[in-house]
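Work through the following exercises with the sequence and the coordinates at hand, and attempt each task before reading its solution.

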Amino acid sequence: MDYDLIVNILYATVRTGTPLILVALGELVCEKSGVLNLGQEGMMLMGAVIGFIAALETGNLWLGVTFAMTAGLLMSLLFGFISLNLSANQVATGLALTIFGAGLSAFVGSDYVGTPLEGIQPWHIPLLSDIPFVGRILFSHDPLVYLSFGLFVGVYLFLNRSHAGLALKAVGESPQSAKATGLPVFKIRYLAVMFGGAMAGLAGAYLSLAYTPLWAENMTAGRGWIALALVVFASWKAERVLLGAYLFGAFSIMHLVAQGLGFSVSPNLLAIMPYLATIVVLVMLSSDKARVKLYAPVSLGKPFHPAD
Amino acid sequence: MKQEKKSLAQRFAKAAGVALALFMSAQSVTAAEPVKVGFVYVGPTGDAGWTYSHDKARKYVEEQLGDKVKTTYVESVAEGADAERVIRQLAKSGNDLIFTTSFGYMNPTLKVAKQFPKVKFEHASGYKRAKNVGTYFDRIYEGRYLTGVIAGKMTKSNVIGYVGSFPIPEVVRGIDAFTQGLRSVNPKAVVKVVWVSSWYDPAKEREAAETLILQGADIINQHTDSPGPIQAAQAKGVYAFGYHSDMSLYGKDAHLTAATHNWGPVYLDKVKSVIDGNWTSTDFWGGLATGATALAPLNSAIPEDVVKLVEERKQAIIEGKLHPFQGPVKDQTGAIKVPAGQVMSDEDMLSLNWYVEGVEGELPK
């Protein structure tokens, strides 16, 4: 393989991994607080459609991004109300949210299918994008990709280096003890759910405003589900979420490149490679079963009754 | 807010009006009843692709026949138990003719047709028929052959990229027909295929197109449903062909043309035959000659002599003087599959599972 090809594969890897990173980081924070929200796909779709409509109607792409995040956030509030206020089953509520989001986004966006939009353009960072190899791979993307880098650093520091992150994890491990120490369990969980929603909305906006600027029904094509799996296989660690998302992106690209190069492997087999490779690597990383158990938030998915 | 309320009130008024009209039409038996035609769609009508092309035809029929026809449609109907329920509902509510427009509706259509022998059914892209169930499809491969001719004349690198969905006969037939057209004017050109294992994933289709461009393709064709490949071509400054409907909105410089379905004349014909009382169950497979297949407007970047050539070839296909799969047709090894002077049969085309000469790589089984 020549130099250009490798650079381009890695460049495309970053782009393919970006929507997964955004939605998975949001879900990671949400799950760390002990709340399992399976509604990622629905929130992403709502973000994608609302972001697209807002950008088209106002002519401002960044307003579109803001609306997308708000849409994801509002969807997550719905989830929060049902699963946290009413203590409904989180799995069922999340699934319902996905179905609801898919249907609602199709309904809302029906007049916008097929409308063209000049999307968010790549922004070559001066100096940094001139660095050979790395410059092209990391610093000649659209601004949402850079935002994903920043959000990763932010989430990583929040979870591992901040008091607020510690409080969030405490709530995810044992809401009862957290409450006993005076932490506002309910409020923290709500904030975590909202963050997850906004991030899913942002991931949707990345697809409909930057990656392929258009709106079409179900255009997320299952990326919300992949992100959910990533969080589990990354054993709830931000750096592994990042690694997993890029790994998945890399293998998705390889699946296409290999065919172009004339490898005579079944495309169906190649198509499952990203899933397989990502799972295998992440499982190897967290092969110590006892430790994995420690990583999973203990109270994940269990409703918390403040009165308990 | 006020405006919103008003429009809601208007909607109610409209709905009430429709209900009243329905009631009245049920009451009056004297006037000539319009033929009632139902449509079942797999996607939303706003879709720029497959379902959009069918709904355009429904509107065309209404325009042409005026109050002689009354159409209803149900969109986004999943290919399963839902489909059967919807089809039955349409049959029950007095439709004389029902178009079911997706491959997965085949068995549900037949099942309902048995229970409603007086209702006529037309199923798109299927192969099972009954006394009151006909089938229809278009020869989109004829349009693809023409895009191949354009590609052969426009390529500089002699490598054409093709974004495929799944290696089924319908898609392979398109790749082969395209390659036949391509090689008929440019024997040096080759086609590289990348399968994305999905009918609809704009982001993945875009990546596939970019990968092909990276590997030397300067024209992209596709057999997937989204404009992702067009967007990629536009961004990279190469040419591309759309599919299903005109996709030039997504890249006006890149979009050379698109092989499109034009169901209008087909549907008009079927509805008319029901009105005239001479409908029979047939297997309709029409192409350029019947107008069922067409090309979107050609990009002005295409030189005039090429436009002329395409027009000539199109005319020859319409007149039956040219067939995309007329012998000698060679497979990848150079072995002759259709001898000179012969034309591939419809049956062979419908089960096509090998690449013609000029396609690179192995066809996955």
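**Exercise 1.** Determine which residues of helix H10 (residues 223-233) of chain A are buried, and identify what covers them.

*Solution.* In this predicted model, the residues to consider are those under 20% relative accessible area. In H10(A), the residues that are buried are A:Arg223, A:Gly224, A:Ile226, A:Ala227, A:Leu228, A:Leu230 and A:Val231. The next step is to look for their cover, which includes, from chain A, helix H1 (3-32), helix H2 (40-58), helix H9 (185-211), helix H11 (238-260) and H12, together with helix H7 (202-214) of chain B. Finally, following the chain just past H10(A), one arrives at A:Ser235, which takes a positive phi of about 40 degrees.

**Exercise 2.** Decide whether A:Ala277 is buried or exposed, and describe its surroundings.

*Solution.* Begin by placing A:Ala277, which belongs to helix H12 (residues 267-285) of chain A. Its relative accessibility is 11%, and A:Ala277 therefore counts as buried. Once residues up to four places away in sequence are set aside, A:Ala277 touches A:Leu247 and A:Phe251. A further distance can be read between A:Ala277 and A:Gly244, which are 33 residues apart in sequence, with their C-alpha atoms 9.3 Å apart in space.

**Exercise 3.** Describe how strand E9 (residues 239-244) of chain B is paired and how far it is covered.

*Solution.* Take one neighbouring strand at a time. Strand E8 (residues 219-223) of chain B runs parallel to E9(B) and is joined to it by 2 bridges, with B:Ile219 standing opposite B:Tyr239. Strand E10 (residues 255-261) of chain B also runs parallel to E9(B), and here 5 bridges join the two; B:Ala240 has B:His255 of E10(B) as its bridge partner. Next, trace the connection from E8(B): together with helix H8 (residues 228-236) of chain B and E9(B), this strand makes a right-handed β-α-β unit. As for cover, 5 of the 6 residues of E9(B) are buried, so that the strand is mostly covered.

**Exercise 4.** Characterise the contact between domain 1 and domain 2 of chain B.

*Solution.* First establish the bounds: domain 1 of chain B comprises 33-138 + 263-286, and domain 2 comprises 140-253 + 293-350. The contact takes 8 residues from domain 1 of chain B and 10 residues from domain 2 of chain B. The C-alpha centres of these two domains of chain B lie 29 Å apart. Between them the domains bury about 800 Å², of which 63% is on carbon and sulfur atoms. A search for salt bridges across this interface finds 0.

How values were computed. Residues numbered from 1 in each chain as written. Chains lettered and ligands numbered in written order. Predicted model: local features only at pLDDT ≥ 70, side-chain atom pairs only at ≥ 80, totals over all residues. Heavy atoms only, no water. Buried < 20%, exposed > 50% of the residue type's maximum accessible area, 1.4 Å probe, protein only. Helix = DSSP H or I, 4+ residues; strand = E, 2+ residues; numbered from the N terminus. Pairing = 2+ DSSP bridges. Right-handed = clockwise from strand over helix to strand, strands pointing away. Domains from an automatic or database assignment. Contact = heavy atoms within 4.5 Å. Buried area = accessible area lost by both parts, 1.4 Å probe. Salt bridge = Lys/Arg side-chain N within 4 Å of Asp/Glu carboxyl O.
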